[in-house]
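This report introduces a single protein chain to a reader who has not met it before. Please keep the sequence and the three-dimensional view at hand while reading.

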Amino acid sequence: MSTMIDRYILINGYKTRYWKIGEAKSILLLLHGFAFSIEIWEHNISELSKYYTVIALDLLGFGLTDKPKKRQKVEIYPQFVYDFLNALGVDQTHLVGHSMGGLIATRFSELFPEKVLSLTLISSAGFSRKIPIHFRIFSLPFVGEFFIKPNKRGLFSALRRNVYHQNLDLSTLANKLYTYSLHPEMGKTLLNVCRAAINIFGFKRRVVRSITKDVGKIRAPVLIIWGKNDIIIYVSHAIKAHKLIKNSQLSIFDACGHLPQFEYPKKFNDLLLNFISNK
């Protein structure tokens, strides 16, 4: 893994960490998922930066970006990304979102279509209510508070559920995420974001509705990438997204979990580069 330089910029009063690498005029923006950080892109960013200027940020409350001063709804994140891009002087971008980052990227594309050259969704949330029981239980009062306490063994176990290949080396990523979990406000942030989007029945109806009602209007070319064996956001969500988004392309990776970009970095990088090369 290559070493990236942490950069910081103030967005709406929040110190926001990001990476930026590459010299190309075309911009590629990477949005991580729930409970992750920009380190999830470490197998991708160097290769992608040979052809694009690649930017990845820690979303509000995650990684080394400041934690929200008050409870935030998931709906604020597209505006946060918009303000981030404007602060960097980015007029248009190829947008890539993973999991929760995919939900944000989808809604961003609906709200700010003039900013989006192409959209790539990886194991994206927001297309169906159905999710695993542990996420639904995590949203419950008191129960979530019990499970959110920093626990290295528990974090490693949770990260293992994200991948199909159980022999994959997750130690570097897990250690980083554990370090971030020690922040005194991280647990509360995770619970607030989770509960803003999820209840005991799954994703809240209004969250799914906010994504699906306008998704057919997305004008940018769309690539959907999923792991066939994803037990976090089921592959059935990919089929639904593909049906809802006109002219989208769907690629399902065999023997792959929730992190296609991490489990199969070369395959992912090649697929993404081929998709956006003429966009």
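The sections below treat strand pairing, the nonpolar core, one helix, the salt bridges and two individual residues. The model is a predicted one.

## Strands and crossovers

Strand 5 (residues 93-98) and strand 6 are parallel partners, joined by six bridges. Within this pairing, histidine 94 lies opposite serine 118 of strand 6. On its way from strand 5 to strand 6 the chain passes through helix 3, and the resulting β-α-β crossover is right-handed.

Strand 6 also pairs with strand 9, again in the parallel sense, over four bridges. Here isoleucine 122 has isoleucine 225 of strand 9 as its bridge partner. How enclosed is strand 6 by the rest of the structure? Strand 6 (residues 116-122) has six of its seven residues buried, so the rest of the structure largely encloses it.

Strand 9 (residues 222-227) in turn runs parallel to strand 10 (residues 249-253), with five bridges between them. Leucine 223 is placed opposite glutamine 249 of strand 10. The connection from strand 9 to strand 10 goes through helix 10 (residues 235-244), and this β-α-β crossover is right-handed.

## The nonpolar core

The largest nonpolar core comprises 94 residues. Leu28, Leu29, Leu31, Phe34, Leu59 and Phe84 are the residues with the most contacts inside this core. Helix 8 (residues 186-197) contributes the most to the core, supplying seven residues.

Leucine 31 shows what such contacts involve. Not counting residues up to four places away in sequence, leucine 31 touches Trp41, Leu57, Leu59, Val81, Leu95, Val96, Gly97, His98, Gly101, Ile104 and Ala105.

## The buried face of helix 7

Which residues of helix 7 are buried? In this helix (residues 171-181), they are Leu173, Ala174, Leu177, Tyr178, Tyr180 and Ser181. Viewed down the axis of helix 7, the buried residues fall within an arc of 160 degrees, so they line one face of the helix. The elements that cover these buried residues include strand 2 (14-21), helix 6 (152-160), helix 8 and helix 11 (260-263).

## Salt bridges

Side chains of opposite charge can pair when their charged atoms come close. In the whole structure, a search finds 13 salt bridges. Three of them are set out in the table.

| Acidic residue | Basic residue | Closest N to O distance |
|---|---|---|
| Aspartate 214 | Arginine 107 | 3.8 Å |
| Aspartate 214 | Lysine 213 | 2.8 Å |
| Aspartate 254 | Lysine 228 | 4.0 Å |

Aspartate 214 forms a salt bridge with arginine 107. Aspartate 214 lies in the loop between helix 9 (205-212) and strand 9, while arginine 107 belongs to helix 3 (residues 100-111), so the pair ties together parts that are 107 residues apart in sequence. Both of these residues, aspartate 214 and arginine 107, are buried.

The salt bridge between aspartate 214 and lysine 213 brings together residues with unlike surroundings: aspartate 214 has a relative accessible area of 16% and is buried, whereas lysine 213 counts as exposed at 52% relative accessibility. Through shared partners, salt bridges join Arg107, Glu110, Lys213, Asp214 and Lys217 into one network.

Aspartate 254 and lysine 228 also meet in a salt bridge. This pair links distant parts of the chain, 26 residues apart: aspartate 254 is in the loop between strand 10 and helix 11, and lysine 228 is in the loop between strand 9 and helix 10.

## Two buried residues

Asparagine 162 is located in the loop between helix 6 and helix 7. Is asparagine 162 buried or exposed? Its relative accessible area is 9%, under the 20% limit, so asparagine 162 is buried. Leaving aside neighbours within four places in sequence, asparagine 162 is in contact with Phe36, Ile232, Gly257, His258, Leu259 and Glu263.

Valine 208 is part of helix 9. At 8% relative accessibility, valine 208 counts as buried. Apart from residues up to four places away in sequence, valine 208 touches Gly126, Phe127, Ser128, Arg129 and Phe203. Valine 208 and proline 113 are 95 residues apart in sequence, and their C-alpha atoms are 19 Å apart in space.

Terms used. Residues numbered from 1 in each chain as written. Predicted model: local features only at pLDDT ≥ 70, side-chain atom pairs only at ≥ 80, totals over all residues. Heavy atoms only, no water. Core = buried A, V, L, I, M, F, W, Y, C linked by side-chain atoms within 4.5 Å. Buried < 20%, exposed > 50% of the residue type's maximum accessible area, 1.4 Å probe, protein only. Contact = heavy atoms within 4.5 Å. Arc of directions from axis to C-beta. Pairing = 2+ DSSP bridges. Right-handed = clockwise from strand over helix to strand, strands pointing away. Salt bridge = Lys/Arg side-chain N within 4 Å of Asp/Glu carboxyl O.
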